[in-house]
Amino acid sequence: MNKSETVKVQVPATTANCGPGFDALGIACNIYNELELTLLRENKLEIEISGEGTGYLPENDKNLIWKVVKSVVEKTDAAYEGAQIKMHNNIPLSRGLGSSAAAIVAGITAANCALGEPFDRQSVLEMATALEGHPDNVAPAIFGGMTVSLCEQNVVKTLSFLPKIDLKMIVAVPEFFLSTKKARKALPEFVSMSDAVFNVAHVSSLIAAMCTGNIDVLSHSFNDKLHQPYRADLIPGMYEVFDAAKAAGALGTAISGAGPSLIAFAVHEEEQIGRAMVAAFSKYQVDSHYLILDIDNKGARRIN
Ligand SMILES: Nc1ncnc2c1ncn2[C@@H]1O[C@H](COP(=O)(O)OP(=O)(O)OP(=O)(O)O)[C@@H](O)[C@H]1O
Ligand SMILES: N[C@@H](CCO)C(=O)O
């Protein structure tokens, strides 16, 4: 056989951190990228991209998905050297909605399916975390739901669950890119004990409130002192967008992932919150649009 079976996978967008859960919490959201992959014995690469990133993402061996597929194939004895790749992207790039995690998880999942599934989901999680550098986006992209993850040396442990609150996520997506690399460079090397203690209390309360359905505690749990204050200068109007969302009825607000998108969590008034966030951004000359998202509970999966 000169080629593998053609497989098609779907992977959700993700929002990481949820405020205080830096590098640990993530939620899968109901917008998806699709990837169709055929592995080839010959050294030939064809890449077709539609949707987000068309004309920007490389259609050659520099493409992240191809690099990921190749790294998975190289972990096996399979003699594939090339691939036909078709992707359709709905997840906006470099906006804090886990586009790189979705690309990594899509590449690993599709390659794994095309190779006859030599890797279980725990191995997929470990490979994806090593490639992304932290587990908070790749974990919900793989498992769906809300995830808590820990990483110690090469061990990654993740639990996925569905909050007991019918939570809506309203994401204000600015028109500008902010790479995760740049947003991580803004962070200090050390933080104070009091800031660390603040985050431990807030993230614990956030998880407990999600698991028990306690909306009052949840509404006090989204504050963060480990990363958001240091990223505020990269996102004009951040605090005003947060205030506008809360005034319009949001339970809490956060930077989505590394930004620049800002996310509000709510149980009602979604449209009003979205409009208020966009209006607040516009006062800072930032064009944006809003998305109202639900939690995806399936994660990455083969659809063909
Ligand atoms: N569908 C894709 N195909 C190939 N490469 C992609 C794809 N999506 C994202 N990438 C790569 O990932 C980069 C964006 O990653 P980055 O970590 O900066 O943002 P993000 O993952 O969208 O944000 P966050 O991690 O804050 O949620 C793109 O510039 C591109 O190199
Ligand atoms: N936890 C990561 C998410 C973005 O990849 C960060 O905030 O940098």
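A residue counts as near a molecule when its C-beta atom, placed from the backbone, lies within 6 Å of that molecule. With that cut-off in hand, open the structure, which is a predicted model.

**Stop one: ligand 1**

Select ligand 1 and the 24 residues around it. Label S99, S100, T180, G257 and A258, which come nearest to ligand 1. Then colour the shell by residue class: 10 of its residues are nonpolar, 13 polar and 1 charged.

Next, colour by domain. Domain 1 takes in 7-161 + 296-302 and domain 2 covers 168-293; the shell around ligand 1 draws at least three residues from each.

Now switch to secondary structure. Helix α1 (64-73), strand β4 (82-89) and helix α2 (99-114) each supply at least two residues of the shell. Which of the elements gives the largest share? Select α2: 4 residues of the shell come from this helix.

**Stop two: helix α10**

Move to residues 270-282, the 13 residues of helix α10. Pick the two end C-alpha atoms and read the distance, 19 Å. At 1.5 Å a residue the helix should span 18 Å, so the two values agree.

Show the side chains of I273, G274, A276, M277, A280 and F281, the buried residues of α10. Why do they lie on the same side of the helix? Because they cover an arc of only 165° around the axis.

Rotate to the face turned away from that buried side; the exposed residues E271 and S282 are found there.

Finally, rotate back and display what covers the buried residues of α10: the cover includes β7 (168-174), α9 (238-247), β9 (262-266) and β10 (288-293).

Key
Residues numbered from 1 in each chain as written. Chains lettered and ligands numbered in written order. Predicted model: local features only at pLDDT ≥ 70, side-chain atom pairs only at ≥ 80, totals over all residues. Expected span 1.5 Å × (residues − 1). Buried ≥ 20, exposed ≤ 12 C-beta atoms within 10 Å, placed from the backbone. Arc of directions from axis to C-beta. Contact = placed C-beta atoms within 7 Å. Nonpolar A, V, L, I, M, F, W, Y, C, P; charged D, E, K, R; others polar. Domains from an automatic or database assignment.
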